[in-house]
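Some labels attached to a protein model rest on cut-offs. The questions below ask how such labels are earned.

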Amino acid sequence: MAASRRIVGLSSSAACMALAASALLGCASDATRSTPPSATQGAPQQQVAVKVLIISMFKPEAQVWLEPLKLNREIKVPGLSADDPAVRCNADGVCQVTTGMGHTNAAASITALVFSGKFDLSKTYFLVAGIAGVDPNVSTIGSATWARYLVDFGIAHEIDAREMPPTWRSGYFGIGARDPDSKPKFEYRTEVFRLDEKLLQKALKLSANAPLADSDKARAYRASYPQPSARARPSVLQCDTAAGDTYWHGKYLGETATRWVSLVTDGQGRYCTTQQEDNATYEALKRGASAGLLDLKRVAVLRTASNFD
């Protein structure tokens, strides 16, 4: 995770892209449909049929949705964050949840929601929409990025760089791997996830020309970086995201993240953003899919760049 989640703040470009993504994912089927059996025990309850579930991580990310989408109905769910104990929905079947920041909060909140029995998620589109640090060698602040790969940057060994073997480029290496250039065995089974390609391409196509906000403050900030990509105007692009609960910053750690994403995706992934929650969120959804409650092909991850790595 980059050094600060709030250097530039939740820019209006994040809200713009979030609304564009809502238009994409709002193409879900009619909200009136039969209710599948609940995964919970006890008396049957009336479930809310959700077309789109927007997943935010903290309040500023959530705020951009509430008024524009008229998310006025609150549904309390046991097990959600104490700071945000309710799911907010509108009459069109669009709902929003705020998980709390970090792996632990994300996993706990999404698990609680999915297995609460309060929602019919069988035809729901899930949109993870939040901010992230961005690699200045790939893009710039204010850009909107759609992920193909979700990579965990925290499941690793670390040797102090002052004590690592002299031939190593980094002290980070995978669990069970011999060195930083060896691919780990993925014994945790949460190290890498690949999102549905069809939905990714649809999201890219529909959002490619979305207007992205810019400002004098953002332009001045990025002008201090030498990379052409960092100095460019914000754009919509596809690149991949790395999750980790340690806030980090700097050229060499950025190079380590780039190599790590490439290594664990067999050269297919292109690192560009860093955040804390996405692998945890996806794993919780995956467990819901294993229980027959939702469809993982309907998950999209949108991260807008609030600061540089």
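The questions and answers that follow set values against definitions.

This is a predicted model, in which local features need pLDDT of at least 70 and side-chain atom pairs count only at pLDDT 80 or more, while totals for chains, interfaces and linings use all residues. Residues are numbered from 1 along each chain as its sequence is written, and side-chain values use heavy atoms, with hydrogens and water left out.

Q: What pLDDT does the protein chain average?
A: The average is 90, and 86% of the residues score at least 70; pLDDT is the predictor's confidence in each residue, from 0 to 100. Over residues 3-17, however, the pLDDT is below 50, and over residues 29-41 it stays under 50 as well. Where pLDDT is low, the predicted coordinates should not be read in detail.

Q: Why is Arg88 called buried or exposed?
A: Buried means under 20% relative accessible area, exposed over 50%, and partly exposed in between (1.4 Å probe, protein chains only). Arg88 has 19% relative accessibility, so it counts as buried. Arg88 lies in strand β4; strands (E, at least two residues) and helices (H or I, at least four) are DSSP runs, numbered from the N terminus.

Q: Why does Lys205 count as buried or exposed?
A: Its relative accessibility is 70%, so Lys205 counts as exposed. Lys205 is found in helix α4, residues 197-207.

Q: What makes a set of residues a nonpolar core?
A: Its members are buried Ala, Val, Leu, Ile, Met, Phe, Trp, Tyr and Cys residues joined through side-chain atoms within 4.5 Å. The largest such core here has 30 residues, and Val87 and Phe119 have the most contacts inside it; contact means heavy atoms within 4.5 Å. Apart from it lies another core, of 19 residues, including Leu69 and Tyr125.

Q: Why is the pair of Trp168 and Phe173 called stacked or edge-to-face?
A: Rings of Phe, Tyr and Trp (its six-membered ring) pair if their centres lie within 6.5 Å; planes under 30 degrees apart count as stacked, over 60 as edge-to-face and the rest as tilted. The ring centres of Trp168 and Phe173 are 5.2 Å apart and the planes are at 70 degrees, so the pair is edge-to-face. Trp168, at 18% relative accessibility, counts as buried, and so does Phe173, at 10%.

Q: How do you know that Arg298 lies over the face of Tyr125?
A: A charge sits over a ring if NZ of Lys or CZ of Arg is within 6 Å of the ring centre and within 35 degrees of the ring normal. Arg298 lies over the face of Tyr125, at 4.5 Å from the ring centre.
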